[in-house]
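Q: I would like to learn how to read the features of a protein model one at a time, starting with the general idea and then turning to the case at hand. Could we begin with the strands?

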Amino acid sequence: SKIKTGRLSVISGPQVMTMKAEYRNVAKGCRQIDFSSMEPRFLLNVSGIHVEGDLYDWVAKEAGLSGDRTHTKIAIISSLYGSARQIPTVTKLFGLEEWEKQLEADVTDNIIENYYGRPIQTEGVKGRHLLSLWLQSSAADAALQGFANFFRANTHLNPHWVIHDACVFSGEGNVPNEIIINGMKFPITCEDVK
């Protein structure tokens, strides 16, 4: 579709990405694997930082944040995507200013490539918004690669559809706690579709 970042969207057929809860029984008996905090973990991973355990606990400790898990999640999202509520210690922890400078230097003719080489039209976007485009695109491609690797290794499981960084599937069998993509570890959760 015309999504800049390469994230999937439904252009015909059932709108599984935005399906109302009362229609989700179409997936009865299925499970869903979901990457945990894919975009912030992807940025840390490609920076050479692998966080064991809970990302929000780690960020709160490393960035000196007080407050609950929701506060930490908002601090991460606000800082990564350039909202007015950016937290300087989170910006520093993720190296966001350095990322912005590098990505701006990589733009040629209003195009930048994501981590996997997918071209992204930037249309003059700069700074944190450029990082946002690059990160969403890179994480989307990483998730797709992760799902492809996972289902190739687990042929007894049948994928049905991808919803950003989650995949609905059927079949019996155990699911690991993480998926490795290009040597980077990404925790996943697995639960029954309700």
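A: Two strands are said to pair if DSSP finds at least two bridges between them. In this predicted model, strand 1 (residues 31-35) and strand 5 (residues 166-170) satisfy that condition, pairing in the antiparallel sense over four bridges, and Ile-33 is the residue that stands opposite Cys-167 in strand 5.

Q: With which strand does strand 1 pair over five bridges, and in which sense?

A: Strand 1 pairs with strand 7 (residues 184-192), again in the antiparallel sense. Within that pairing, Phe-35 stands opposite Ile-188, while Asp-34 has Thr-189 as its bridge partner. Strand 1 is also mostly covered, since four of its five residues are buried, where buried means under 20% relative accessible area.

Q: How many residues lie between strand 6 and strand 7 in their hairpin?

A: Two residues lie between strand 6 and strand 7, and Asn-182 in the turn has a positive phi of about 50°. The two strands run antiparallel and are joined by four bridges, strand 6 covering residues 178-181; one of the partnerships is that of Ile-180 with Lys-185 in strand 7.

Q: How should I place these strands in the overall order of elements, and how many helices and strands are there?

A: The protein chain holds six helices and seven strands, and from the N terminus on they run β-α-α-α-α-α-β-β-α-β-β-β-β. As for how the chain comes together, residues 24 or more positions apart account for 57% of the contacts with a separation of 6 or more, and buried residues make up 42% of the 194 residues.

Q: Which residues have the most contacts inside the largest nonpolar core?

A: A nonpolar core is a set of buried residues of certain types joined through side-chain atoms within 4.5 Å. The largest one here has 46 residues, and those with the most contacts inside it are Ile-33, Phe-35, Leu-43, Val-59 and Phe-94. Helix 6 (residues 127-153) gives the most to this core, with eleven residues. Taking Val-59 as an example, and leaving aside its neighbours within four places in sequence, one finds it in contact with Gly-64, Leu-65, Thr-72, Ile-76, Val-90, Leu-93 and Phe-94.

Q: Why can helix 1 be called largely enclosed by the rest of the structure?

A: Helix 1 is described in that way because eight of its nine residues are buried. The buried residues are Met-38, Glu-39, Pro-40, Arg-41, Phe-42, Leu-43, Leu-44 and Asn-45. Following the helix comes Gly-48, whose phi is positive, near 90°.

Q: What should I examine in helix 3, taking its span, its cover and its two ends in turn?

A: For the span, one compares the distance between the end C-alpha atoms with the expected value: helix 3 (residues 69-81) has 13 residues and reaches 18 Å from its first C-alpha to its last, close to the 18 Å expected at 1.5 Å a residue. Its buried residues are Thr-72, Ala-75, Ile-76, Ser-78, Ser-79, Leu-80 and Tyr-81, and what covers them includes helix 1 (38-46), helix 2 (55-63), helix 4 (88-94), helix 5 (96-106) and helix 6. At the start of helix 3, a side-chain oxygen of Asp-68 reaches to within 3.2 Å of the backbone nitrogen of Thr-70, and just after the helix Gly-82 takes a positive phi of about 80°.

Q: Is Ser-137 buried or exposed, and what does its side chain contact?

A: Ser-137, which lies in helix 6, is buried, with a relative accessible area of 0%. Its side chain makes a polar contact with the side chain of Asn-114, at 2.8 Å.

Q: Where do I find Asn-110 and His-164, whose phi values deserve attention?

A: Most residues other than glycine have a negative phi. Asn-110, however, has a positive phi of about 60° although it is not a glycine; it is found in the loop between helix 5 and strand 2 (111-113), and it is partly exposed, with a relative accessible area of 38%. His-164 has a positive phi near 55°, sits in the loop between strand 4 (158-163) and strand 5, and counts as partly exposed at 32% relative accessibility.

Key
Residues numbered from 1 in each chain as written. Predicted model: local features only at pLDDT ≥ 70, side-chain atom pairs only at ≥ 80, totals over all residues. Heavy atoms only, no water. Buried < 20%, exposed > 50% of the residue type's maximum accessible area, 1.4 Å probe, protein only. Contact = heavy atoms within 4.5 Å. Expected span 1.5 Å × (residues − 1). Polar contact = N/O pair within 3.5 Å; in protein donor to acceptor, adjacent residues only side chain to side chain.
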